[in-house]
Amino acid sequence: MILVNTDYISGKELEMLGLVKGSTIQSKNLGRDITQSFKTLVGGELKAYTEMMNEARALATKRMVEEAESLGADAVVNVRYASAAVMQGAAEVMAYGTAVKFN
């Protein structure tokens, strides 16, 4: 499966199949939350949260690809990511794009 953030794939003629998306909601681990709150006192990267968000993006992407494959897509163009807090300590990550088939 080809994933691109452009609206075309060089050298390919595309037939649009429709919007596909994948999402996940991740919550903070209490142990991570406590240790990361101490990190905010001294500054620097919150590595546990970076890892959590990377995992969430990967899962959202996987779910988007599965939806595209179920439509018979060869690729997803215009891939975008969005995230939002859904409640205290939890965030949603969404991956979305347009499923396409090569002509």
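This is a short walk through the fold of one chain, as it appears in a predicted model.

Let me begin with the overall layout. The chain contains 2 helices and 4 strands, and if you follow these elements from the N terminus, they come in the order β-β-α-α-β-β. Of its 103 residues, 26% count as buried, and the accessible surface amounts to about 6,500 Å², with 53% of that belonging to carbon and sulfur atoms. When we take the contacts between residues at least 6 apart in sequence, 73% of them join residues that are at least 24 apart.

Now to the sheet. The 4 strands form an open sheet in the order β1-β3-β4-β2, and the pairing is mixed. Because β1 and β2 stand at the edges with a single partner strand each, one side of each is left without a neighbour in the sheet.

Taking the pairs in turn, β1, which covers residues 2–3, runs parallel to β3 and is joined to it by 2 bridges, with L3 standing opposite V76 of β3. β3 then pairs with β4, residues 90–102, in the antiparallel sense over 10 bridges, and here Y81 has A95 in β4 as its bridge partner. These two strands, β3 and β4, make a hairpin with 2 residues between them, in which G89 takes a positive phi near 85 degrees. On the other side of the pairing, β2 and β4 run antiparallel and are joined by 13 bridges, and I25 is found opposite E92 in β4.

I would like to stay with β2 for a moment, and with one residue in it. S23 lies in this strand, which spans residues 14–27. Which residues does S23 touch, once its neighbours within four places in sequence are left aside? The contacts are A60, R63, E92, V93 and M94. S23 is also 6.2 Å from A95, C-alpha to C-alpha, although the two are 72 residues apart in sequence. Is S23 buried, exposed or partly exposed? It counts as partly exposed, because its relative accessible area is 28%, and the buried class requires a value under 20%.

That contact with A60 brings us to helix α2, since A60 is one of the buried residues of that helix. The helix takes in residues 47–70, 24 residues in total, and it reaches 35 Å from its first C-alpha to its last, close to the 34 Å expected at 1.5 Å a residue. Besides A60, the buried residues of α2 include Y49, M52, M64 and V65.

Just after α2 comes G72, with a positive phi of about 85 degrees, placed in the loop between α2 and β3, the latter being residues 75–87. G72 is partly exposed, at 28% relative accessibility. Not counting residues up to four places away in sequence, G72 touches L17 and K101, and its C-alpha is separated by 8.4 Å from that of V100, a residue 28 places apart along the chain.

Finally, a word on the rings. A search of the whole structure for aromatic pairs finds 0. There is, however, a charge placed over a ring: the charged end of K12 sits over the ring of F102, 4.8 Å from its centre.

Definitions and conventions. Residues numbered from 1 in each chain as written. Predicted model: local features only at pLDDT ≥ 70, side-chain atom pairs only at ≥ 80, totals over all residues. Heavy atoms only, no water. Expected span 1.5 Å × (residues − 1). Buried < 20%, exposed > 50% of the residue type's maximum accessible area, 1.4 Å probe, protein only. Contact = heavy atoms within 4.5 Å. Areas by Shrake-Rupley, 256 points an atom, 1.4 Å probe, with all protein chains shown as cover. Pairing = 2+ DSSP bridges. Phe/Tyr/Trp six-rings, centres within 6.5 Å; stacked < 30°, edge-to-face > 60°. Lys NZ or Arg CZ within 6 Å of the ring centre and 35° of its normal.
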